Amino acid sequence: MITHIARQAIYNIDANVIAYELLFRDGKENCFPDISPDEATSNILANSHLSIGLENITTHKTAFINFHKDTLIHHFPTTLDPKRTVIEIVETVNVTDELVKACKHIKGMGYKLALDDYDFSEQWKALESLVDYVKIEVDYVLSGKQFVLEKIKAFKQLGITLIAEKVETQREFNACRALGFQLFQGYFLSKPEMIEHKSLDAAASSVMELISISSEPEFDFAKLNAVFEKDLGLSFKLMRFINNPTFNKRERIESLEHALKYLGSVELKKFIALLAIANLRGSKPEALLVMSLVRGQFCKIQADLMSMAQNPPSSLIMGLFSFVDALIDMPMEKVTQTLPFSDEIKSALCSASQDKTPSCVFGKQLLMCKAFEHADFHKIAELCKQLNMCESDVFEAYYASMLWAEEMRKCAQ
């Protein structure tokens, strides 16, 4: 059986990723026939050997995994590492004495438990003394209802870690944090905080110059060298990238000129895009950089699968810059006015930022990125058909992109 996995990040109060919720499906259907998606998740995980390894999907962070009642009681997969796994009890289960007994047993094995999509039903009282985490949707949290506030307070007194779900904006994030939530799940990082009259600093201007040069099929090495020479910070980062053994195992690079000649035009354009995003991040959470890197590499591999021309590396650059509005807190429509991208790329970026249906192939590549980030397996299958790509190849590409982004993150530090 082929198993496909998607992940959704869980952040701490500093907006750093500390865990991932994992969602699964089989390779033929979006869930097992005639049973719930949650039960399908449990069966896939319980019965399948995940060749890629959970630790690779989570980059060695904690994995939150949904389990259905029957799996918890009868088929719990004890091969999971209790130090790296949180067992999520989904909201669709009925709490019975048998389930409570099973949860006590699993807790005794060293696993941590979480209540997923907590709905304030009375039935959960039987499990509240056993769980370590409670996940509550932001609409409940910010409803202002007294019973919600009292329950949140009670959970805190029990030492339970509260996770706010579906946090979409910085305002919601701040409000949940003020109420004592310690962890957060949602897409608030990708929503820019709009700041009037935001301007780019000198370093960012250098980045834009590099992007302008690298967006051309052929570029002037002399102009490129001049930009790097006037910004020592960017030059230093370029040297660190190239000398990293992940990319260069053969030759020690000693000078900027040597670096430029060693890479060649196509690879250099990719490095410039990576440097640009790492530099534009500024004080923003590292998670935004990683998300940008994943999208960039994933779009690049999609272009490879579709046999698209890669000079300039438009798909990679587009993916990398798809969060630039959030990185510099400026509307994407305004950002793209300063970027020397083709009209097609600009249109794709603006459509993605506004959640509009794209008309071009680049826009559909970004839509594929978002489908993975939202674990929308039906959308993934639909886009694979539209773009004439093998679904298994696309999942492998996404896994490879996550691993690549982790290596890039280390190089950018």
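**Close-up 1. Helix α14 packs against helix α19 at an angle of about 125 degrees.** In this predicted model, α14 covers residues 286–305 and α19 covers residues 361–373, and their axes sit 10 Å apart. The two helices are therefore oblique to each other, and their crossing is right-handed. On the α14 side, the contact comes from Arg-295, Phe-298, Cys-299, Gln-302 and Ala-303. Helix α19 brings in Gln-365, Leu-366, Met-368, Cys-369, Lys-370, Phe-372 and Glu-373. Sorted by class, this contact has seven nonpolar residues, along with two polar and three charged ones.

**Close-up 2. Asp-304 and Lys-300 pair up in a salt bridge.** We stay with helix α14 here. The closest N and O atoms of the pair are 2.9 Å apart. Asp-304 and Lys-300 are four residues apart in α14, so about one helical turn separates them. Asp-304 counts as partly exposed, at 38% relative accessibility, while Lys-300 counts as buried, at 15%.

**Close-up 3. Helix α20 has a salt bridge between Glu-382 and Lys-379.** Their side chains meet at 3.2 Å, N to O. The helix runs over residues 377–386, and the two partners are three residues apart in it, so they are separated by about one helical turn. Glu-382 is partly exposed at 37% relative accessibility, and Lys-379 is partly exposed too, with a relative accessible area of 25%.

**Close-up 4. Five charged residues are tied together in a network of salt bridges.** The members are Glu-21, Glu-88, Asp-116, Lys-135 and Glu-165. For the bigger picture, the salt-bridge count comes to 13.

**Close-up 5. Asp-117 has a positive phi, and Lys-125 bridges to Glu-122.** Asp-117 lies in the loop between β5 (112–115) and α5 (125–128). Its phi is near 50 degrees, a positive value in a residue other than glycine. In the salt bridge of Lys-125 with Glu-122, the closest N and O atoms are 3.1 Å apart. Glu-122 is exposed, with a relative accessible area of 56%.

**Close-up 6. Ala-15 is another residue other than glycine with a positive phi, near 60 degrees.** Most residues other than glycine have a negative phi. You'll find Ala-15 in the loop between β1 (3–11) and β2 (17–26). Loop or not, Ala-15 is buried, because its relative accessible area is 7%.

Conventions:
Residues are numbered from 1 along each chain as its sequence is written. This is a predicted model: local features need pLDDT of at least 70, side-chain atom pairs count only at pLDDT 80 or more; totals for chains, interfaces and linings use all residues. Side-chain values use heavy atoms; hydrogens and water are left out. Axes are lines fitted to C-alpha atoms, for helices over the stretch in contact, and angles run from 0 to 180 degrees between N-to-C directions. Angles under 35 degrees count as roughly parallel, over 145 as roughly antiparallel, 65 to 115 as roughly perpendicular and the rest as oblique. A crossing is left-handed if the near helix is turned anticlockwise from the far one by less than a right angle, and right-handed if clockwise. Contact means heavy atoms within 4.5 Å. Ala, Val, Leu, Ile, Met, Phe, Trp, Tyr, Cys and Pro count as nonpolar, Asp, Glu, Lys and Arg as charged, and the others, Gly among them, as polar. Buried means under 20% relative accessible area, exposed over 50%, partly exposed in between (1.4 Å probe, protein chains only). A salt bridge is a side-chain nitrogen of Lys or Arg within 4 Å of a carboxyl oxygen of Asp or Glu.
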